[in-house]
Structures are given as structure tokens and as C-alpha cells.
Amino acid sequence: VNFAIILTFGGATAAWLAAVEMLFLTSVLLRFNFVRVIFNVSQMAISVGLAGLVYKSLGGVPSVIGGFALAPKLILPVLSCHLAYFSANTGLVSVWSRLRSGRPLLAAWRADYLWMLPQSFAAPVVGVAMAYLYFRAAPWLVAVLFIWLVYYARTSKTNLELQNSQRETVRALASIVDSSSPFSGGESERVAALAVELGKKLGLGGRRLRALEYAALLHD
């Protein structure tokens, strides 16, 4: 949605709307503390604003000014816009993680976000589609696409909850094994925690890190 707004109305408008959206999300729905709210609002405004500047500097023109046409010359501004957003967004969050946990900045970014980069390019593709529908077709089609995005997000959340449930099942199995000996209470959890920390330092992330955690929990 942020990309669609950049392409349609420009980076400044997108940054303001993203900041308001994040303010509502973090303060009203999630009830974060004041520092976390300020950080999240600021990093979102900076990320979207920077993405808009990159898009404009490479010749991207908001459709409300110059119209909207799917053309090869749009590829570089859109992809660069996305890379600027992804780098700023994940980089700032990694800085926050570094300040809170002391994890090395680059290692934390590689472990937590680098694996997401290929699939993240779906975002500008959907953004271009929304901008095209808004300017070239009917605005109500944008609403249909948005509803689909909400449904997809809810489905992804359900999958995440299933993964968490699976993790708890594995932990329960490990605790049963540990309880068989008075000397191994909590051993599997400690081994898993150490394995995950080592995996992060080695740059593992996503499925590989989760597989390592499960393997460590079930090592006995």
C-alpha cells in the first residue's frame, strides 16, 4: 500500500500517511510504550520518505501529476524505491535490536532480514498493480485488492500461529525426555538457546534457524 501511494501521490504524502497508520497501530491497537511508539512511527516515516525520494530522483513521477503507464522506464525507479525502503526499514529495526540486546548489527540484520529480501519484491509488484488499478481502471478494484491483501495477511498470521504451536509441541516432547533424569532438567531448552545464538552468529535465518532449533530440542 505504501508503494502504491508513492507511485500515485508522491513520497511526502506516503510518509505522512505511513506515520499516521503506524501511530494508530502501535499506540491504540498494540499499546506499545511511548519510546517504542516514537521509534516505530519515526522509522516508518523515514523509510517511506526515503523510498519516495529515491523514486523521484530516478525519474519516477506520481501518477496524479504525470499519469501512469506501465513502461520499462518504470522498472529502475520502482525497484530502487523498494530497495531503499527495505534497507532503511530493516536497518533501523536492526539498530533498535542492537541497542536493546547488544547483538552485532550486521550479523543481526543478516540473520533476521537478509533471507526475506527475495520474497519482499512482491511488495512493489502489488504496489504497481494497485496504482495502475486506481489510475487506469476503477478505484473500487483497489479496494478489492486491498481486501485480498488483508485476507492474505490474516492467513500468514494463522500460519505463524501454527508454527508456534508446532514449536510448543516439540518443546513439550523435549521436556518429557528431560524429565526422565534428575540431572537433565531444562537441558534441551539450554542446548536449543545456545544453538540458535550460534546459528544467528553464523548468519542463519528463517527456516534454517528454525530447523536448527528443533534439532537441538530433540537432540536426545
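The legends below walk through several close-up views of a predicted model.

**View 1. The whole chain is built from helices.** Welcome to the overview of this predicted structure. The protein has 11 helices and zero strands, and its elements run α-α-α-α-α-α-α-α-α-α-α from the N terminus on. Along the principal axes, the C-alpha trace spans about 75 × 35 × 35 Å. The protein has 220 residues, of which 35% count as buried.

**View 2. Helix H5 covers residues 75-101.** This view follows H5 from one end to the other. Its 27 residues reach 38 Å from the first C-alpha to the last. At 1.5 Å a residue, 39 Å would be expected, and the span in the model is close to that value. Just after H5 comes Gly102, which takes a positive phi of about 80°.

**View 3. Phe9 and Tyr134 form an edge-to-face aromatic pair.** The count of aromatic pairs in the model comes to three, and here is one of them. The ring centres of Phe9 and Tyr134 are 5.8 Å apart, with 65° between the planes. Phe9 belongs to helix H1 (residues 2-9) and Tyr134 to helix H8 (residues 122-136), so the pair ties together parts that are 125 residues apart in sequence. Are the two partners buried or partly exposed? Phe9 has 39% relative accessibility and counts as partly exposed. Tyr134, at 35%, counts as partly exposed too.

**View 4. Arg36 lies over the face of Phe32.** For anyone who enjoys a charge over a ring, this view shows Arg36 at 3.8 Å from the ring centre of Phe32.

**View 5. Arg167 and Glu213 form a buried salt bridge.** The model holds four salt bridges by count, and this view shows the one between Arg167 and Glu213. Their closest N and O atoms are 3.1 Å apart. The pair links distant parts of the chain, with Arg167 in helix H9 (residues 139-178) and Glu213 in helix H11 (residues 206-217), 46 residues apart. Both Arg167 and Glu213 are buried.

**View 6. Arg171 makes salt bridges with Glu168 and with Glu189.** Let us take the two partners of Arg171 in turn. Between Arg171 and Glu168, the closest N and O atoms are 3.9 Å apart. Both residues lie in helix H9, three residues apart, about one turn of the helix. Glu168 has a relative accessibility of 48% and counts as partly exposed. With Glu189, the N to O distance of the salt bridge to Arg171 is 2.3 Å. This pair links distant parts of the chain: Glu189 sits in helix H10 (residues 187-201) and Arg171 in helix H9, 18 residues apart. Glu189 is partly exposed, with a relative accessible area of 34%.

**View 7. Five charged residues join in a network of salt bridges.** Which residues are linked in this network? They are Arg167, Glu168, Arg171, Glu189 and Glu213. The network includes the contact between Arg167 and Glu213, as well as the contact between Arg171 and Glu189.

**View 8. A nonpolar patch lies on the surface.** The last view turns from charges to nonpolar side chains. Phe24, Leu25, Val28, Leu29 and Leu30 form this patch, and together they have about 450 Å² of accessible area. One of these residues, Leu25, is found in helix H2 (residues 11-29). Leu25 has 33% relative accessibility and counts as partly exposed.

How values were computed
Residues are numbered from 1 along each chain as its sequence is written. This is a predicted model: local features need pLDDT of at least 70, side-chain atom pairs count only at pLDDT 80 or more; totals for chains, interfaces and linings use all residues. Side-chain values use heavy atoms; hydrogens and water are left out. Helices (H or I, at least four residues) and strands (E, at least two) are DSSP runs, numbered from the N terminus. The expected span of a helix is 1.5 Å times one less than its number of residues. Rings of Phe, Tyr and Trp (its six-membered ring) pair if their centres lie within 6.5 Å; planes under 30 degrees apart count as stacked, over 60 as edge-to-face and the rest as tilted. Buried means under 20% relative accessible area, exposed over 50%, partly exposed in between (1.4 Å probe, protein chains only). A charge sits over a ring if NZ of Lys or CZ of Arg is within 6 Å of the ring centre and within 35 degrees of the ring normal. A salt bridge is a side-chain nitrogen of Lys or Arg within 4 Å of a carboxyl oxygen of Asp or Glu. Patches are made of residues with over 30% relative accessible area and no salt bridge: like charges are joined within 9 Å, nonpolar side chains (Val, Leu, Ile, Met, Phe, Trp, Tyr) within 5 Å. Accessible areas come from the Shrake-Rupley method with a 1.4 Å probe; for residues, only the protein chains shown count as cover.
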